[in-house]
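Reader: I'm a first-year student and I get lost when I look at a whole protein at once. Could you pick one part and take me through it slowly?

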Amino acid sequence: MAVSQATNVVEKAMGHLEGGATEQDMTNPDRDREKYADPSGEKMKALVWNGKQDVQLVETYKPKIVEDRDVILKVTGSTICGSDLHLYNGTVIELQKGDILGHEFCGKVDSVGPAVKNIKPGDRVVASFQIACGECMYCQKKLSSQCERTNTNKVENVMYGGRTAGMFGYSHFTGGFAGGQAEYARVPYGDVNLLKLPDDVPDEKGLYLSDVLSTSWNCVVDTGVKDGDVVAIWGAGPIGQMCAEMSFIRGAKRVIVIDGGPAAWRLDLVKSKTPKVETLNYTDLPRGTSVTSKLKEMEHGGPDVALECAAGEYAKGWGHQIEMALGLETDTSEIINEMITSVKNYGRCGVTGVYVGFTNHFNIGSLMERGIRLIGNGQAPVHLYWQDLLKMLQDGSLDSNIMLSHRISIDEMDTLYKKFAARADNLQKVFVQTKFSGPPAPGTPELTSWK
């Protein structure tokens, strides 16, 4: 938490960049009720960040329309993502106490700003996790995650040499926007950042167009998975699971999913849903056998493609654990190095798991000498893919239900964070309902309660 506080101070001292096109740093209407809260005084439930591994469900004010292209949603579904754990664990900087979390949500339109013409009250919609203006250089190419005008954070710009779009519920580092783990949400540029959901796509499917489906598809497509490839995937969470399914859709010959430790149960889950998948539990490898050597044993020369669907904050070896604890690196290079050394010469490695800063002991020699292509897949440009993915959900060529394991109430969202972080209760992908949600769609989980 001290790092977040320090970077907040630095950002305040430096000041934001110029060129912002929407109101930022409004992560909870309660921060300025006159400016951001609905004049009716209506309250809502929302999950807020209070510190490292400390989230809490609170009552706060319903947001109001602030700008002409705003849309206010009644949230009918949200979820938790592995990326949320980076906030929960304090890896992502510039969080402030009371920030409303959640970057994946869908809902019904409650009200629209006067400039919004393509969305009306009552429409069922899903929000992209990024906030795009629809007009800048990147938005014109539908590279919505890199919008130039919705995040003027200077710290990110200095660290990365550029910055991403603003993102819902993901700290002031990405603009400072209130998230959707709440009963209401304000969507800036709602005419751009909302996709209408047809009647044949229930919330339990449409919700996941906001991030996980688009992110998985981007990982597979951007890394160039093609017909006949052998693909290895690090991480059997929802992203890894959907990347496996999508790799087969793209023509992969074999897909090997790697996981272990307290998350090893996910390998059996993925295998049960997609029987063609092969699995590798790294904790079961005999002494002297590495992930790299096992993959080369399973496939001559190693896989053609490696996909990183885990993240850089989970160090396995004591060396990286110490360096991360001392602040000598923010991310471990262990998985990246395994990928580089595992693939065939001239193989392709795509990084979709979140890495926030700097790493040590990177095997640049293998990368250069063997011609390995290391591809940062970036925050997925949802707008580039979500219409095509919606059609795949409609025609049945893509089934998001294979990852959906639980349904819970927003009232138990704080408990969900603890259990999800512990890889407990076989939680894979969760649908979080609110008072505005309908009953579970056929074939989806019934409500689970831990009370």
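Author: Let's warm up with a loop residue: Ser 171 counts as buried, because its relative accessibility is 3% (buried is under 20% relative accessible area, exposed over 50%, partly exposed in between, with a 1.4 Å probe and protein chains only). You'll find Ser 171 in the loop between β8 (166-167) and β9, and its phi is near 80°, a positive value in a residue other than glycine. Keep in mind that this is a predicted model, where local features need pLDDT of at least 70, side-chain atom pairs count only at pLDDT 80 or more, and totals for chains, interfaces and linings use all residues. Residues are numbered from 1 along each chain as its sequence is written, and side-chain values use heavy atoms, with hydrogens and water left out.

Now hop to Tyr 346, which sits in the loop between α13 (334-342) and β15 (348-351). Its phi is positive too, near 65°, and again it isn't a glycine. At 57% relative accessibility, though, Tyr 346 counts as exposed.

Now for the part I'd really stare at: helix α15, residues 382-395 (helices are DSSP runs of H or I with at least four residues, strands E runs of at least two, numbered from the N terminus). Its axis comes within 9 Å of the axis of helix α8, residues 212-222, and the two cross at roughly 105°. That's why α8 and α15 are described as roughly perpendicular to each other (65 to 115 degrees). Who does the touching? On the α8 side it's Leu 213, Ser 214, Trp 217 and Asn 218. On the α15 side, look for Val 382, Tyr 385, Trp 386, Leu 389, Met 392 and Leu 393 (contact means heavy atoms within 4.5 Å). Sort the residues of this contact by class and you get eight nonpolar, two polar and no charged.

Stay on α15, since there's a pocket to see as well. The second largest pocket is lined by residues including His 383, Trp 386 and Gln 387 (lining residues have an atom within 4 Å of a pocket point). α15 gives the most to that lining, with three residues, while β10 (194-196) and α15 each supply at least two. Other residues to click on there are Ala 132, Gly 134, Cys 139, Lys 142 and Ser 144. Trp 386 is worth a second look: it takes part in the contact with α8 and it also lines this pocket.

Technical notes: Axes are lines fitted to C-alpha atoms, for helices over the stretch in contact, and angles run from 0 to 180 degrees between N-to-C directions. Angles under 35 degrees count as roughly parallel, over 145 as roughly antiparallel, 65 to 115 as roughly perpendicular and the rest as oblique. Ala, Val, Leu, Ile, Met, Phe, Trp, Tyr, Cys and Pro count as nonpolar, Asp, Glu, Lys and Arg as charged, and the others, Gly among them, as polar. On a 1 Å grid over the protein atoms alone, a cavity is a set of points where a 1.4 Å probe fits but cannot get out, and a pocket is an open set with protein on both sides within 12 Å along at least five of seven lines; lining residues have an atom within 4 Å of a point.
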